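I opened this notebook to record what I looked up in one structure. The entries follow the order in which I worked.

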Amino acid sequence: MRYSIFTLLRQSLTGHAGWTPAWRDAEPKSDYDIIIIGGGGHGLATAYYLAKVHGITNVAVLEKGWIGSGNAGRNTTIIRSNYLLAGNNPFYEWSMKLWEGLEQELNYNAMVSQRGVLNLYHSDAQRDVYARRGNAMRMHDVDAELLDARAVRRMLPYLDYENARFPIHGGLLQRRGGTARHDAVVWGYARAASDRGVDIIQNCEVTGLLRDGASVVGVETTRGAIRARKVGMAVAGSTSRVARLAGLRLPIESYVLQAFVSEAIKPFIPGVVTFGAGHFYISQSDKGGLVFGGDLDGYNSYAQRGNLPTVEDVCEGAMALMPAIGRVRVLRSWGGITDMSMDGSPIIDRTALPGLYLNAGWCYGGFKATPASGWCFAHLIARDEAHEVARAYRLDRFASGHLIDERGVGAQPNLH
Amino acid sequence: MSEFAYHGAAASQRPDPDTPEVDLAYYEAVYLRDNPAGPHKELWYHAGGCRSWLRVTRDTRTHEILAVNFPAPVNT
């Protein structure tokens, strides 16, 4: 069913009785050309672009829960391409370009809103770092503006500019950054992939890999064995667990990242704002809730829920930046399991096992990467070669020393 | 920020620099992790207290502490 104003009008006149499910809840077949493990944004986007760009439609996406139950529904919905390093910047800018056309592409309202992402700086040294990043962005044809304190004050008059410890000196603004509706992104990709023949199989957990010698030729699941010519993994926080089924050890640790939403208030925060003196970021959803987050809980976790010291730390960041929201009540908090790589950058690559492909290491930045991750992973699986904007995301870069250390903190994944 | 500071997996040991294939040994020690969902041996530092290192076995799914002891002295 194509969504349009005419479909809506027709359904309005007939009591909305004719809407059909957005995608087929498929039963697994015995074999496919390609299996994607993980029905999150990255897995569904991969399946969609396999079908759309590469014409491969005999594809299954296996999801152990339901579509939208994992990190796709747990992130803080920010999209941006404000990266410094040459290995990252073209990839995230390609993602941004895909975001800009996503809704027309998928015929689905993903509520992509380019309301701007502003990174605040609080010292002369930090201004220089941000200026360097802004210049790197502009050299890659990405929009970036360095604002002084007066310009930021015009946008956000209620920040704590004269804070004794963290005075706000200005910010680096990417106007094309913003937010998108995270559930709608997976629903839209699922619907568009399903329309092109992809089987989306929910409640189907992968429990083992089928092997023919060294090669991977399918998966064992809770719903039986399924064979495939190629298998791609896009399972975020569960990457090490699935990789262990293949006997692989990876440069990844799993951590929980918490997110928060407040009660709804009137329009207050026009875009995304990040606090540069701690780790805190905030935006306001279209429903009015303030959506915010901060640091990881600082130790390995598969718990999908966070602990109170980090809640306190995040709220302290909020109060240092934006005291005006001190009386706003927090409505909910939740946690998602992130696959923290050792240099803070992702991996889109083949593995040592023929037929097994890896998409992992998104740390807590996976949401913004969804379209390009799918695009590049589909390219890799279909053509057995890295896409040009994802060439740096090799698995062997940790052994060869070609790290993409955007934060510059070394092999300490809970610091990225 | 808190009394105890996390220092990662306890299994990771600095390799002997005279070991054969030393690059591979360092790559594995620095970058590769078991990252289990379940009991995990890890190092914590009692930063806000007695400044001891602790070897803790913790379930990463529930945060239940299964064992705590002092790590064995490292032979140099």
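The entries below cover cysteines, salt bridges, one strand residue and the interface between the chains.

**Entry 1: the model.** I noted at the outset that this is a predicted model.

**Entry 2: cysteines.** I asked how many disulfides there are over all chains. My search of the whole structure returned zero disulfides. I then looked into why A:C363 forms no bond with its closest cysteine. The closest cysteine sulfur to that of A:C363 belongs to A:C376 and is 17 Å away, which is too far for a bond. A disulfide would require the two sulfur atoms to be within 2.5 Å. I recorded A:C376 likewise as being in no disulfide. I also checked whether these cysteines are buried or exposed. A:C363 is buried, with 9% relative accessibility, and A:C376 is buried as well, at 1%.

**Entry 3: salt bridges.** I counted 23 salt bridges over all chains. I looked at several of them individually.

The first pair I wrote down was A:R24 with A:D199, whose side chains meet with an N to O distance of 3.1 Å. A:R24 sits in the loop between α1 (5-13) and β1 (31-37) of chain A, while A:D199 belongs to strand β8 (residues 199-201) of chain A, so this salt bridge ties together parts that are 175 residues apart in sequence. I found A:R24 to be partly exposed at 38% relative accessibility, whereas A:D199 is buried at 9%.

I next examined A:R127 and A:D124, a salt bridge in which the closest N and O atoms are 3.7 Å apart. Both residues lie in helix α4 (residues 124-139) of chain A; they are three residues apart and therefore separated by about one helical turn. I recorded A:R127 as partly exposed, with a relative accessible area of 31%. A:D124 is partly exposed too, at 46%.

A further salt bridge joins A:D183 to A:R181, with 3.2 Å between the closest N and O atoms. Here A:D183 is buried at 15% relative accessibility, and A:R181 is partly exposed at 32%. I also noted one network, in which salt bridges with shared partners link A:E93, A:K97, A:E100, A:D143 and A:R176.

**Entry 4: A:V216.** I located A:V216 in strand β10 (residues 215-221) of chain A. This residue is buried, at 1% relative accessibility. Leaving aside residues up to four places away in sequence, I listed what A:V216 touches; among them are A:L209, A:A228, A:V231, A:L353 and A:P354. I also looked up A:S262, which is 46 residues from A:V216 along the chain, and found their C-alpha atoms separated by 46 Å.

**Entry 5: the interface.** I asked how many residues of chain B are in contact with chain A. I found 18 residues of chain B in contact with 27 residues of chain A. The area buried between the two chains is about 2,100 Å², and carbon and sulfur atoms give 53% of it. B:Y31, B:R33 and B:N35 supply 31% of the area that chain B buries against chain A, more than any other three residues.

I recorded two salt bridges across this interface. In a salt bridge between B:D34 and A:R249, the closest N and O atoms are 2.7 Å apart. I also counted 10 residue pairs in polar contact between chain B and chain A. On the side of chain B that touches chain A, the elements giving two or more residues are α1 (22-31) and β2 (39-45) of chain B. The largest share, three residues, comes from α1(B). I finished by sorting the residues of this side into nine nonpolar, five polar and four charged.

Note on methods
Residues are numbered from 1 along each chain as its sequence is written. Chains are lettered from A and ligands numbered from 1 in the order in which they are written. This is a predicted model: local features need pLDDT of at least 70, side-chain atom pairs count only at pLDDT 80 or more; totals for chains, interfaces and linings use all residues. Side-chain values use heavy atoms; hydrogens and water are left out. Buried means under 20% relative accessible area, exposed over 50%, partly exposed in between (1.4 Å probe, protein chains only). A salt bridge is a side-chain nitrogen of Lys or Arg within 4 Å of a carboxyl oxygen of Asp or Glu. Helices (H or I, at least four residues) and strands (E, at least two) are DSSP runs, numbered from the N terminus. Contact means heavy atoms within 4.5 Å. Buried area is the accessible area (1.4 Å probe) that two parts lose on being put together, summed over both. A polar contact is a pair of N or O atoms within 3.5 Å; within protein, one must be able to donate a hydrogen and the other to accept it, and residues adjacent in sequence count only if both atoms are side-chain atoms. Ala, Val, Leu, Ile, Met, Phe, Trp, Tyr, Cys and Pro count as nonpolar, Asp, Glu, Lys and Arg as charged, and the others, Gly among them, as polar.
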